Amino acid sequence: MTTETDAIEKSAPGEERLPLHKRVLFGLAYGLFMVVTLALLGEVALRVLPLGKFRSAPFRQYDSELGVSLVPNMKVTHSRGCFTGEVETNRWGFRDRDRILEKPLGEFRIALVGDSVVEGVHVNPDQVMNIQMEKLLQQQGYHNVEVMNFGIEGIGTTQELIMYKDRIRQFHPDLVLLTVSDNDVMNNSSTLQPKSYGIHTWYSPYYNLDANGQLVFQPVQRRPLNGLVTFLERHSYLAYYIERVWFRADLPLYRWHGMPVYFGSYSDDPLDPEWQQAWTVTETVMARMRDTVEADGAKLVVIPWTNFTDTDPDWRQRLTKQFGPLPKELAPAKLDLRLQQIADRQKLTMEFVTPYMQAYRDQHQLQWPYFSLTCDPHFSALGHQVVAGAMIDLLERYHWLPSPGASVN
């Protein structure tokens, strides 16, 4: 029996349910609306609200030749934890003051090549080592010397060779200072570097060895949806921060005896085939870099960076606290020894800045973190300053600079 109330409820406006396909479309539209709204609110919040110790904007990009490069003509604040630096890039896509392509008559140009240590985004532009070198050279009467910064985070010797051929040589440097970091050997390996980044993808070109020990080039892999991803990276703070958060969600799938992969460059194990190949590739690429630079009429000098064990007497305790018991294969002195052996075999000019860093540490009674940041192993402003002075001393000692005021053809 139908009651009067039932009749009213059945006839009430809007009581009839929508068809399933319309309900699905409505749900999707509503969900999309909420996502877009939240994204817009997040975008506004990131651009307006103070972000304390974590603030930045995208200044690196995917590069189909190098894997990664800097976005040209950028000026952003870059903060992480204990440091805040201003990142300014020139029109050529390097963290440096503006440079003209053609070398001025009588000018002597130095190309400083390396990874994040040279790039130096952890300090302000006037504190980066190449600018400090220019200032010191000016003070010593070298008014015709430029020191150009060609540093990019995360690159290795293979990328530095490609970068020299495609982007550096057009500036006609007279001297190329090729710096070496402890992770460069890993960066040069197409098998070790992917293991280091675990669940993430790090785009990079590589040289591999064929059956005859010859280098075989492996170009940068294409990035899926590169156009869309690049647009979002350039124009959306939210997309950039989500990308940074995802990249920091590190899930390493491979370790070197319980430590990050690059510590294998300090290994005392001569039988590991992957590391053997990585060292062979590194040596061959360094020799090719020398031949390429010298063919252009310039000089190549290889400068390894000071290792943590060279400046920190308590390095073993610090590493043990961070990673647990250290493997017996860890032999930090092996890195510089192998680099020196490469230099001897390939007739490379190689000089170390370590004695300068140690002398400064002892003279000024520096304490931890010495030349680095408290939250990051990269150089502090002091580190850049001391390295700049050390390099100039080396340049003068070995007469790699023209006489002050002399004209260079």
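**Exercise 1. Work out how Asp393 and Arg397 pair up, and where the two residues sit.**

Solution. Start with the contact itself: in this predicted model, Asp393 and Arg397 form a salt bridge, with 3.6 Å between the closest N and O atoms. That passes, because the cut-off for a salt bridge is 4 Å. Next, place the partners. Both belong to helix α15 (residues 381-397), and they are 4 residues apart, about one turn of the helix. Last, check the surroundings. Asp393 has a relative accessible area of 31%, so it is partly exposed. Arg397 is at 49% and therefore also counts as partly exposed; the exposed class begins over 50%.

**Exercise 2. Find what Arg60 pairs with, and say which parts of the chain the pair links.**

Solution. Look at the side chain of Arg60: it meets the side chain of Glu119 in a salt bridge, at 2.7 Å from N to O. Now trace the chain. Arg60 is in strand β2 (residues 60-63), while Glu119 is in helix α3 (residues 116-119). The two are 59 residues apart, so this pair links distant parts of the chain. Is Glu119 buried or exposed? Its relative accessibility is 0%, so Glu119 counts as buried.

If you wonder why such pairs turn up, side chains of opposite charge can pair when their charged atoms come close.

**Exercise 3. Examine helix α10 from its start to just past its end, and check its length.**

Solution. Take the start. A side-chain oxygen of Asp272 comes to within 3.0 Å of the backbone nitrogen of Glu274. Glu274 has another partner: Lys195 forms a salt bridge with it, the closest N and O atoms being 2.9 Å apart. This pair too links distant parts of the chain, since Lys195 lies in helix α7 (residues 192-196) and Glu274 in helix α10, 79 residues apart. Lys195 counts as partly exposed because its relative accessibility is 26%.

Now the length. Helix α10 has 23 residues (273-295), and at 1.5 Å a residue it should span 33 Å. The rise is multiplied by one less than the number of residues. The end C-alpha atoms are 33 Å apart, so the model agrees with the expectation. Just after α10, Gly297 takes a positive phi of about 80 degrees.

**Exercise 4. Describe the backbone at Pro369 and Tyr370, then see what Arg361 touches.**

Solution. Begin with the peptide bond from Trp368 to Pro369: it is cis, with omega near 10 degrees. Pro369 is in the loop between α14 and α15, and Tyr370 is in that loop as well. Tyr370 is not a glycine, yet its phi is positive, about 60 degrees. With a relative accessible area of 12%, Tyr370 is buried because it falls under the 20% cut-off.

Then move to Arg361 in helix α14 (residues 354-363). At 15% relative accessible area, Arg361 is buried. Leaving out residues up to four places away in sequence, Arg361 touches Tyr370 and Phe371, along with Leu366, Asp310, Thr311, Asp312 and Pro313.

**Exercise 5. Compare the backbone and the accessibility of His399.**

Solution. Locate His399 in the segment after α15. Like Gly297, it has a positive phi, here about 55 degrees, although His399 is not a glycine. Its relative accessibility is 68%, so His399 counts as exposed.

**Exercise 6. State how many salt bridges the whole structure holds, and name the members of a network.**

Solution. The search finds 23 salt bridges. For the network, list the linked residues: Asp96, Arg97, Arg99, Arg109, Glu134 and Glu146.

Terms used
Residues numbered from 1 in each chain as written. Predicted model: local features only at pLDDT ≥ 70, side-chain atom pairs only at ≥ 80, totals over all residues. Heavy atoms only, no water. Polar contact = N/O pair within 3.5 Å; in protein donor to acceptor, adjacent residues only side chain to side chain. Buried < 20%, exposed > 50% of the residue type's maximum accessible area, 1.4 Å probe, protein only. Contact = heavy atoms within 4.5 Å.
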